[in-house]
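I opened a fresh page for this one. These are my entries, in the order I looked things up.

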Amino acid sequence: MKENIIAHNYQVSKTDRQENNNHTSFLIWFTGLSGSGKSTIANVVEQELYKLGVKTYTLDGDNIRKGINSDLTFTPEDRTENIRRIAEIGNLMVDAGLVTLAAFVSPYKKDRENIKNIVKDVNFVEVYINTSVEECERRDVKGLYKKARAGEIKNMTGISAPYEAPENPDIEIKTEEKTVEEAVHDIMNFIKPKLKYSDE
């Protein structure tokens with residue numbers, strides 16, 4: 001069937017959309033353990049971008065798993081498929097001219113490499129929210145660690161499933177040493193130069 005799929009050549013391009021928005025588009029991927037602070041930091045980064053007039057959208061684990069990925073579990077295979085689908089959605093949004101923020105545990109290196117392959121390295125910013133499992137468990141914002149310890153949740157990253165930390169992320173935020181404001185400041189300093197659109 002794939003041989004019958006022929007891409008249509010639309011006249012409005014990604015470059016046209018970026019020019020119209022007066023900024024580039026790319027994917028900012030926040031990875032880290034559950035409770036590390038990914039969504040909190042991504043939320044404030046998006047607010048800062050919004051203040052600058054940047055067109056944005058945030059993809060988050062909960063809103064994706066309640067919708068397009070509601071058919072997936074937390075087995076390693078389904079986690080991989082979860083991230084693959086999100087990467088494809090992120091790629092479409094980057095093509096649409098949006099700075100897209102994605103906050104997902106995404107525990108496997110191979111899956112994060114695959115995101116880079118899908119959206120292209122130049123369109124990918126990896127932000128590692130580095131928070132120890134002990135601190136995440138202490139916070140336990142959603143009560144997931146307590147359930148995992150009680151055996152009610154299987155394949156819980158950091159408890160009964162592995163987390164493969166990024167070795168060379170674009171940005172590493174140690175939340176036990178920095179405030180949310182400091183983290184956002186560091187991320188904004190990194191991404192602001194990438195926002196500049198030039199048609200030269």
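**Entry 1: N123**

I began with the side chain of N123, where a polar atom lies 2.8 Å from the backbone oxygen of V119. The model is predicted, so I read this as a computed distance. I then placed the residue: N123 sits in the loop between α5 and β4.

Is N123 buried or exposed? Its relative accessibility is 12%. The cut-off for buried is under 20%, so N123 counts as buried.

Next I listed its contacts, leaving out residues up to four places away in sequence. N123 touches K14, S25, F26, L27 and V94. V94 is itself one of the buried residues of α4. That sent me to the helix.

**Entry 2: helix α4**

I checked the length of α4 first. The helix covers residues 76–95, which makes 20 residues. From its first C-alpha to its last I get 29 Å, close to the 28 Å expected at 1.5 Å a residue.

Which residues of α4 are buried? I noted D78, R79, N82, I83, I86, A87, I89, G90, M93 and V94. I then asked what the buried residues of α4 pack against. The helices are α1 (14–21), α3 (61–65) and α5 (109–119). The strands are β1 (27–31), β2 and β3.

After α4 comes G97. Its phi is positive, near 95°.

**Entry 3: β2 and β3**

Two of those strands deserved their own entry. β2 spans residues 56–60, and four of its five residues are buried. I marked the strand as mostly covered.

How many bridges join β2 to β3? I count five, and the two strands run parallel. β3 covers residues 99–103. I looked up one pair by name: T58 has L101 of β3 as its bridge partner.

**Entry 4: nonpolar cores**

L101 came up again when I looked at V45. Not counting residues up to four places away in sequence, V45 touches F30, L101, V184, I187, M188 and I191.

I then turned to the largest nonpolar core, which has 22 residues. Which of its members touch the most others? They are I28, F30, V45 and L49. The elements giving two or more residues to this core are β1, α2 (38–51), β3, β4 (124–130), β5 (171–174) and α8 (180–195). α8 provides the largest share, six residues.

Another core lies apart from this one. It has 16 residues, among them L27, L59, A102 and I115. I had already met L27 as a contact of N123.

**Entry 5: salt bridges**

How many salt bridges does the structure hold? The total is 13. I looked at three pairs.

K51 and E48 came up at 2.9 Å, N to O. They are three residues apart in helix α2, so about one helical turn separates them. An α-helix has 3.6 residues a turn, so residues three or four places apart point the same way. K51 counts as exposed at 62% relative accessibility. E48 counts as partly exposed at 28%.

R84 and E81 repeat the spacing, being three residues apart in helix α4 and separated by about one helical turn. Their closest N and O atoms are 2.8 Å apart. R84 is partly exposed, with a relative accessible area of 34%. E81 is partly exposed too, at 21%.

K110 and D111 meet at 3.2 Å, N to O. Here I found opposite settings: K110 is exposed at 53%, whereas D111 is buried at 6%.

I also checked for shared partners. Salt bridges of that kind join D71, E81, R84 and R85 into one network.

**Entry 6: G143**

My last lookup was a glycine. Where is G143 found? It lies in the loop between α6 (133–139) and α7 (144–149). G143 has a relative accessible area of 24%. The limits for partly exposed run from 20% to 50%, so G143 is partly exposed.

I closed with one distance. G143 and T131 are 12 residues apart along the chain, and 17 Å separates their C-alpha atoms.

Key:
Residues are numbered from 1 along each chain as its sequence is written. This is a predicted model: local features need pLDDT of at least 70, side-chain atom pairs count only at pLDDT 80 or more; totals for chains, interfaces and linings use all residues. Side-chain values use heavy atoms; hydrogens and water are left out. Buried means under 20% relative accessible area, exposed over 50%, partly exposed in between (1.4 Å probe, protein chains only). Two strands pair if DSSP finds at least two bridges between them. The expected span of a helix is 1.5 Å times one less than its number of residues. Contact means heavy atoms within 4.5 Å. A nonpolar core is a set of buried Ala, Val, Leu, Ile, Met, Phe, Trp, Tyr and Cys residues joined through side-chain atoms within 4.5 Å. A salt bridge is a side-chain nitrogen of Lys or Arg within 4 Å of a carboxyl oxygen of Asp or Glu. A polar contact is a pair of N or O atoms within 3.5 Å; within protein, one must be able to donate a hydrogen and the other to accept it, and residues adjacent in sequence count only if both atoms are side-chain atoms.
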